[in-house]
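Ready for some practice in reading a protein model? Take a look at the sequence and the structure, and then work through the exercises step by step.

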Amino acid sequence: MSTRTLVARFACAAATLLLVACGGEKAASTDSADGGAPSPTASPTNTPKPTGTVITIEMITDESGNYFKPKDIEAKPGDVLKFVLVTGVHNVHFLADSNPGVPNLPPMSTFAQLPGQELLVPVNFEAGKSYYFQCDPHALLGMVGKLTVEN
Ligand SMILES: [Cu+2]
């Protein structure tokens, strides 16, 4: 799926230069553009300014289980992973034990509890490697994912 992914990425990157938005959804709703109504439940603690492609990953609980969709992600340094809650209650954690020797792992995210809530993780990882993340309460149920960072 790499070709299609790359095409989408480049188109997306071009659009990113014009707007902040990328990834299909209406974008800047959670950005602190101006004094919009602050949502008490959406915690904007980790909302970086996207400089690259925004890659959307859904967090889902349904009859087939708890999972990230997609669970295998390719990104470039400067991209942003946008985890969006669809159903359930989930977080994103690049566990140190799953990423031995990797410095400066992103901190464990807060828990997303409301559909549409976003957890943003900037791709500040060394290229050429893969990194592993999980949802803490559902990791043993298979809610894990892999981020591969390429140049
Ligand atoms: Cu979960």
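Below are four exercises on this predicted model, each with a worked solution.

**Exercise 1. Confidence**

Find out what pLDDT the chain averages, and where the pLDDT is below 50.

*Solution.* Begin with the whole chain: the average pLDDT is 79, and 66% of the residues score at least 70. Next, look along the sequence, where residues 1–44 have a pLDDT below 50. In the model, this stretch makes 37 contacts beyond near neighbours in sequence. Keep a rule of thumb in mind here: where pLDDT is low, the predicted coordinates should not be read in detail.

**Exercise 2. The chain as a whole**

Work out which pattern of helix and strands the chain follows, and what percentage of its residues is buried.

*Solution.* First count the elements: the chain has one helix and seven strands. Then put them in sequence order, which gives α-β-β-β-β-β-β-β. Now turn to burial: of the 151 residues in the chain, 26% are buried. Finish with the contacts whose separation is 6 or more: 68% of them link residues 24 or more positions apart.

**Exercise 3. Strand β4 and its partners**

Explain why strand β4 is described as largely enclosed, and name the strands that it pairs with.

*Solution.* Strand β4 covers residues 80–85. A residue is called buried if 20 or more other C-beta atoms lie within 10 Å of its own. Five of the six residues in β4 are buried, so the rest of the structure largely encloses this strand.

Now for the partners. Strand β1 (residues 54–62) pairs with β4 in the parallel sense, over six bridges. In this pairing, Ile55 is found opposite Leu81 of β4. Strand β5 (residues 118–122) runs antiparallel to β4, and five bridges join the two. Here Val80 stands opposite Pro122 in β5.

**Exercise 4. A sheet of three strands**

Determine the strand order of the open sheet of three strands, and say which strands lie at its edges.

*Solution.* Start with the order, which is β3-β7-β6, with mixed pairing. The edge strands are β3 (72–75) and β6 (129–134), each of which pairs on one side only. On average, neighbouring strands of this sheet are turned by 25° against each other, ignoring direction.

Then look closely at one pair. Strand β7 (residues 144–149) and β6 are antiparallel and share six bridges. For Ser130, the bridge partner in β7 is Thr148. It helps to remember that strands of a sheet pair through backbone hydrogen bonds, either parallel or antiparallel.

Terms used. Residues are numbered from 1 along each chain as its sequence is written. This is a predicted model: local features need pLDDT of at least 70, side-chain atom pairs count only at pLDDT 80 or more; totals for chains, interfaces and linings use all residues. A residue is buried if 20 or more other C-beta atoms lie within 10 Å of its own, exposed if 12 or fewer, and partly exposed in between; C-beta atoms are placed from the backbone. Helices (H or I, at least four residues) and strands (E, at least two) are DSSP runs, numbered from the N terminus. Two strands pair if DSSP finds at least two bridges between them. Axes are lines fitted to C-alpha atoms, for helices over the stretch in contact, and angles run from 0 to 180 degrees between N-to-C directions. pLDDT is the predictor's confidence in each residue, from 0 to 100. Two residues are in contact if their C-beta atoms, placed from the backbone, lie within 7 Å.
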